[in-house]
Amino acid sequence: MAGGGFVDSSAGRQYNGGVTLFVILTCMVGATGGLIFGYDIGISGGVTSMDIFLKRFFPSVYRKASTKAGLESPYCKFDSHLLQFFTSSLYLAALVASFFAAIITKKFGRKMSMFIGGLTFLIGSILNGFAQNVIMLIIGRVFLGIGVGFCNQSVPVYLSEMAPANLRGALNMGFQMATTIGILAANLINYGTAKMNGHLGWRLSLGLAAIPATMVTIGGLILPDSPNSLIDRGQRDEAKRILQKIRGTEDVGEEFQDLVEASETSKSVDNPWKNIMERKNRPQLIMAILIPSFQQLTGINVIMFYAPVLFKTLGFGNEASLMSAVITGGVNVVATIVSILTVDKAGRRVLFLEGGIQMLICQVLIAYFIGKTYGTTGEGAFSTGAANFVLFLICAYVAGFAWSWGPLGWLVPSEIFPLETRPAGQAMTVMFNMIFTFVIGQCFLSMLCVMKFGLFIFFSGFVIIMTLFVYFFLPETKGVPIEEMYAIWKAHWFWGKFIPDEALGSYATNIQISEKA
Ligand code: BGC
């Protein structure tokens with residue numbers, strides 16, 4: 001789940017009540033949060049490939065990009081720190097904002113964070129849609145980033161707290177699904193608006209984010225806060241009233257009691273940041289750092305952020321570049337559905353390993369074909385057949401990501417933490433994801449200029465490392481209730497030695513805590 005979420009730790013428990021209108025409404029807000037996240041990922045690459053946009057805001061890039069031959073290597077056409085900062089500033093802002101969001105979400109409730117997130121999104125999209133200069137553009141992206149920080153922190157948590165227990169797992173993957181739909185929507189809108197005359201096209205592309213932003217803002221205003229958050233903040237009567245309303249029954253006593261006890265036990269848990277540093281929590285700590293970092297080091301956002309620019313670099317025309325981005329966006333959505341349908345049957349490891357091998361093969365072949373045609377000078381041209389084949393390879397690479405590291409890069413970290421380290425673990429996962437998203441966004445075009453086709457080999461090196469890492473170090477977590485997760489680490493050939501037998505005592509306490517949670 002982008003932004004992290006809570007796992008259903010009440011596995012197997014049946015409470016009264018079912019799916020109500022309220023739950024459906026909250027799911028819609030959640031989906032909207034995911035949509036905006038995806039929209040922001042997909043929109044910038046398309047507008048930066050539009051000549052009129054480049055001419056106005058990045059004239060030096062425009063001059064370089066439109067130079068026919070000679071002076072500039074085609075690999076370096078779009079190499080500009082400012083242009084990259086236009087994309088990446090959002091993730092830097094999201095990283096910083098997520099610290100504040102974590103505090104506000106806990107102290108003032110989930111809906112407060114959603115409201116702040118929605119409002120800053122709205123301001124960001126208006127600033128971008130009406131941008132007069134590059135400063136206004138970047139400030140707009142920073143506001144969008146603050147929105148991402150707040151919404152990704154609060155919406156997934158809110159969703160998992162409002163939904164009945166048996167829907168929580170599906171919602172976890174649902175947020176990722178909404179993200180991919182947001183990316184595809186951005187690709188489609190760019191394809192449509194690029195045909196418009198004058199500046200209207202890019203203004204619409206950037207400004208349309210205001211629609212989902214308004215929906216999240218209104219959601220943050222009118223939806224009730226989650227019972228968990230109300231209990232945490234001492235408003236038990238209100239919490240019970242809301243729980244009855246969202247479950248559609250008066251008889252919520254058992255679930256309410258469990259929520260109260262979970263809140264009490266979580267308050268008695270030691271500082272989670274201190275806890276996660278202890279030796280016995282080493283496996284989770286390493287996973288919280290490596291899984292999100294690896295997810296980004298697959299190089300996926302090279303495609304998600306810069307597909308149209310990359311296709312233009314490879315000699316595709318304007319329209320063909322934007323169309324190719326639509327195709328990769330569509331593949332991303334479909335392959336995510338495949339993952340949702342298979343993850344609980346095939347398991348996480350099979351998907352990770354298959355996806356890794358598939359990405360690796362595609363990256364090596366992409367590097368080979370680009371290298372063969374363009375060499376190190378960047379001079380050359382693909383035949384139509386070769387261009388289509390490279391597009392096919394990029395799609396196969398995206399599919400490999402979308403059924404492995406895409407959703408699992410969020411799902412697995414969210415299901416391996418026991419209660420005592422969960423808040424710290426989730427925060428670290430988001431943090432490392434945003435750091436590496438920022439780095440890739442900021443460096444890709446410059447790296448392409450320096451490494452040329454070798455850039456794809458560079459990322460494939462990481463794919464080899466992460467696939468081997470999964471093979472040797474990540475135990476299967478399919479169907480393992482959170483309270484039994486400790487046994488998985490203890491039984492593991494490598495992690496087992498980090499878990500002293502004495503620690504099992506404290507794990508045993510966790511088991512009891514999690515059973516109540
Ligand atoms: C990643 C994003 C990526 C998206 C692509 C997400 O899981 O966190 O960085 O753009 O997948 O679908």
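In this predicted model, the ligand is surrounded by 13 residues, and the closest of them are Q176, Q295, Q296, N301 and N332. Sorted by chemical class, this shell divides into five nonpolar residues and eight polar ones, with no charged residue among its members. Several helices build the shell: α7 (168-193), α14 (282-297), α15 (300-313) and α19 (405-416) each contribute at least two residues to it, and the largest share, three residues, comes from α7.

Individual polar contacts can be followed from the ligand outward to the protein. An oxygen atom of the ligand lies 2.9 Å from an N or O atom in the side chain of Q295, a residue that is also listed among the closest to the ligand. An oxygen atom of the ligand is likewise placed 3.1 Å from an N or O atom in the side chain of W410, while at G406 the partner is a polar backbone atom, 3.3 Å from an oxygen atom of the ligand. Taken alone, the ligand would expose 310 Å², and the protein buries 99% of that area.

Where within the protein does the ligand sit? The ligand occupies the largest cavity, which is one of six cavities of 30 Å³ or more that the structure holds. The space in this largest cavity amounts to about 200 Å³.

The walls of the largest cavity can be described in the terms already used for the shell around the ligand. Its lining comprises 18 residues, of which I41, Q176, Q296, N301 and F401 lie nearest the centre of the cavity; Q176, Q296 and N301 are also named among the residues closest to the ligand. The helices that each supply at least two residues of the lining are α1 (21-48), α7, α14, α15, α19 and α20 (422-451). Helix α7 provides the largest share of the lining, with four residues, and this helix also gives the largest share of the shell around the ligand. By chemical class, the lining of the largest cavity divides into eight nonpolar and ten polar residues, and no charged residue takes part in it.

Definitions and conventions: Residues are numbered from 1 along each chain as its sequence is written. This is a predicted model: local features need pLDDT of at least 70, side-chain atom pairs count only at pLDDT 80 or more; totals for chains, interfaces and linings use all residues. Side-chain values use heavy atoms; hydrogens and water are left out. A residue is near a molecule or strand if one of its heavy atoms lies within 4 Å of it. A polar contact is a pair of N or O atoms within 3.5 Å; within protein, one must be able to donate a hydrogen and the other to accept it, and residues adjacent in sequence count only if both atoms are side-chain atoms. Accessible areas come from the Shrake-Rupley method with a 1.4 Å probe; for residues, only the protein chains shown count as cover. On a 1 Å grid over the protein atoms alone, a cavity is a set of points where a 1.4 Å probe fits but cannot get out, and a pocket is an open set with protein on both sides within 12 Å along at least five of seven lines; lining residues have an atom within 4 Å of a point. A molecule sits in a cavity or pocket if more than half of its atoms lie within 2 Å of its grid points. Ala, Val, Leu, Ile, Met, Phe, Trp, Tyr, Cys and Pro count as nonpolar, Asp, Glu, Lys and Arg as charged, and the others, Gly among them, as polar. Grid points are joined across faces, edges and corners, and a volume is the space filled by probe spheres set on the points.
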